[in-house]
Structures are given as structure tokens and as C-alpha cells.
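Subject: Structure for your review

Dear colleague,

Please find below the structure that I am handing over to you, together with its sequence. My notes on it follow directly after.

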Amino acid sequence: MLDLHSHTTFSDGTLSPAELVAAAIAAGVKALAITDHDTVAGWDDAIAAAGDALEVVPGVELSTVENGRSLHILGFYPNRESLEPPLVERIEGRRRRAQQMVEKLAELGYPIELPAMAGNMAPGRPHLAAALVKAGYVDSKREAFDRWLGDNGPVFVQYDKFSAAEGIQLLRDCGAVPVWAHPYLFKGSTVDALLPQLVEAGLMGVEVYHPHHSPSDIRRLETYCRDHNLVMTGGSDFHGPSEAKASTPNPRAKHQPKEAAGLNQLNLPLELLSPLKRAAATLAATLGDGAASPGENRLPSPNHG
């Protein structure tokens, strides 16, 4: 089984890369993509922890803005040396965004202090939510999002302007296969309207299998991918063990958050990985002599397994 969407403490996950790898192995995962938001810093620890027990797929999840709403694009098998410099700018943007939300919370009477984070770690709203819980203002991260941090919340701050097309181009320039993450969670347009535009911009795949996609969503995406020769991926979008058992939904919230998915919950077959590896190899070949071939600056090689 494989899981091509997971997060560590280097972005907004609650498990370290080593802990995540251990949890994945225990769940029966054989190939795991590390796709932290706007950083690749978790790869090394994950690869070291995996050894021969698990294939780590190097990835990233870029945060872009489309039609004024957040749109995430996964990138698989990037050339690390090419991608890390532009990611530094993305992380700095995340830091500015987090600080702006901290300032808004203080203005509302809820001052918090974010934990110190290394320069290669990408801060996000879950970190603010954790700080709000620690300060005693709420009982759970879920409540923090319901009251303040959600997309329509009073302290929400949008990402720096960075379009989906720009994100796709950046990933392709760095040898990464760009894949639209959880398209049916995007609130800025319909999938039918936006997907052709993203394909025109260079999108190479779609995250078809996601815990929050319905069976009919999956069927539509499968058909589109087959008709347009797009790579199909899937994963749990794992951020850590769910806190749902430790908290109860806020009855005042209009939209209750969906419960977090567990690793390997979708039972996706390893066969999904081969088309992704072929796409990475094809992209590397099109980039010419100046580009790394699949496997260079990527551990492990997409030809592993």
C-alpha cells in the first residue's frame, strides 16, 4: 500500500519525520510521500528512519492562491537543489502571514506566543491553533479554527500572491511532477471549470483519492485523468493522530471539520506509483542537460521499488 500525501513537524504535522515513518510502517504503508507545506526539510530524517522498510517519495505541497482562495499543488520528485532556494521565499511569506495573524489575535484580546521554529520549518495555522490551546483560550485546535483561524475567520490572512499557474511552472522547472491536491476541497471555483485551465498551465496529475472525496468525485476525476493522460495519485493528507476523541464539535460552527484520516486508510495500491515515476523521468528528460535526471538530488530514486 502507498500514501502519497503526508505532513511532519517541519510544516503543520504533529509527528516528526521519524515518528511519521514509524507510524506508516505500522499501518502497512510501503511507499510514503513526505509533502510538507513549502519545505523539503523533512526528507532526510524520514529517509534515514525508513531504511529498507519503507520507500520515501520526496515531495512538497505548494501553497498558491487562485480566485482569492487557497489552492494546494503537490510536487513529486523535485530536484532539491533547484527547489530549495525559491522555497526559502515561500517560508518567509508563511512567517509574515503567521505574524500578521498573531497581531490580529492580540488586537482581539488573545495574545499568544508562537514556538521558536528553525529557518527551514514552515509555520501554519495549526501552529497558531496549538498556541491558542496552550494559552488556555480554547480546548482544541478545532475550536481555534472555528472561532478565529478558518478561511472566513476574523484573523485569517491570505497567502502571498502566488498563482496556481506560477506554482505549477515552478515545480516543473525544478523537475517535480505537479499534481492538484484534493481538488474537491477547493472553494474558489468548480473542478470542471478550473481543471482544464490548470492542465493548460502544465498540471501533470490530480490527487484523485483523498479521504474527503466522495465516490462520485473519484469517478469523475478518474475519467478525466484517463481522457487527458494525467497521473492519478492519492493519500491520507495525514497531519497526525486525530484529536477528535479529545474534543467535541463546536455546535455554533456552520461547517464542522471533517475528522482527520489515518495513514493507509484508503488502501491504495503500490501500482499507482509507477506512472508517477514515469512522469518524473519524462519531465527530467524534457528539461535537458541542465536538469537532474530522476534520482539525482532525490533520495530515493524514483526507479527504486
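A residue counts as buried when its relative accessible area is under 20%, as exposed when that area is over 50%, and as partly exposed in between. At 41% relative accessibility, R220 is therefore partly exposed. Please bear in mind throughout that this is a predicted model.

R220 has a salt-bridge partner in D217, with N and O 2.8 Å apart. The partner, D217, is buried, its relative accessible area being 10%. Both residues belong to helix 8 (residues 215-228), where they are three residues apart and hence separated by about one helical turn. In general, an α-helix has 3.6 residues a turn, so residues three or four places apart point the same way.

This pair belongs to a wider set, since the structure holds eight salt bridges in total. Two others deserve a description here.

The salt bridge between D38 and R94 has its closest N and O atoms 2.6 Å apart. It links distant parts of the chain: D38 sits in the loop between strand 2 (31-34) and helix 2 (43-50), whereas R94 is in helix 3 (residues 80-107), 56 residues apart. Both of these residues, D38 and R94, are buried.

In the other, the side chains of D151 and R125 meet at 2.9 Å, N to O. D151 is in the loop between helix 5 (141-149) and helix 6 (164-173), and R125 is in helix 4 (residues 125-134), so this salt bridge ties together parts that lie 26 residues apart in sequence. The two partners differ in accessibility: D151 is partly exposed, with a relative accessible area of 35%, while R125 is buried, at 14%.

Salt bridges also connect D44, R80 and E84, which are linked in a network.

I turn finally to helix 1. Which residues of helix 1 (residues 17-26) are buried? They are P17, L20, V21 and A24. Viewed down the axis of helix 1, these buried residues fall within an arc of 100°, and they therefore line one face of the helix. Strand 2 and helix 2 are the elements against which the buried residues of helix 1 pack. After helix 1 comes G28, which has a positive phi, near 90°.

With kind regards

How values were computed. Residues are numbered from 1 along each chain as its sequence is written. This is a predicted model: local features need pLDDT of at least 70, side-chain atom pairs count only at pLDDT 80 or more; totals for chains, interfaces and linings use all residues. Side-chain values use heavy atoms; hydrogens and water are left out. A salt bridge is a side-chain nitrogen of Lys or Arg within 4 Å of a carboxyl oxygen of Asp or Glu. Helices (H or I, at least four residues) and strands (E, at least two) are DSSP runs, numbered from the N terminus. Buried means under 20% relative accessible area, exposed over 50%, partly exposed in between (1.4 Å probe, protein chains only). The arc is that of the directions from the helix axis to the C-beta atoms. Contact means heavy atoms within 4.5 Å.
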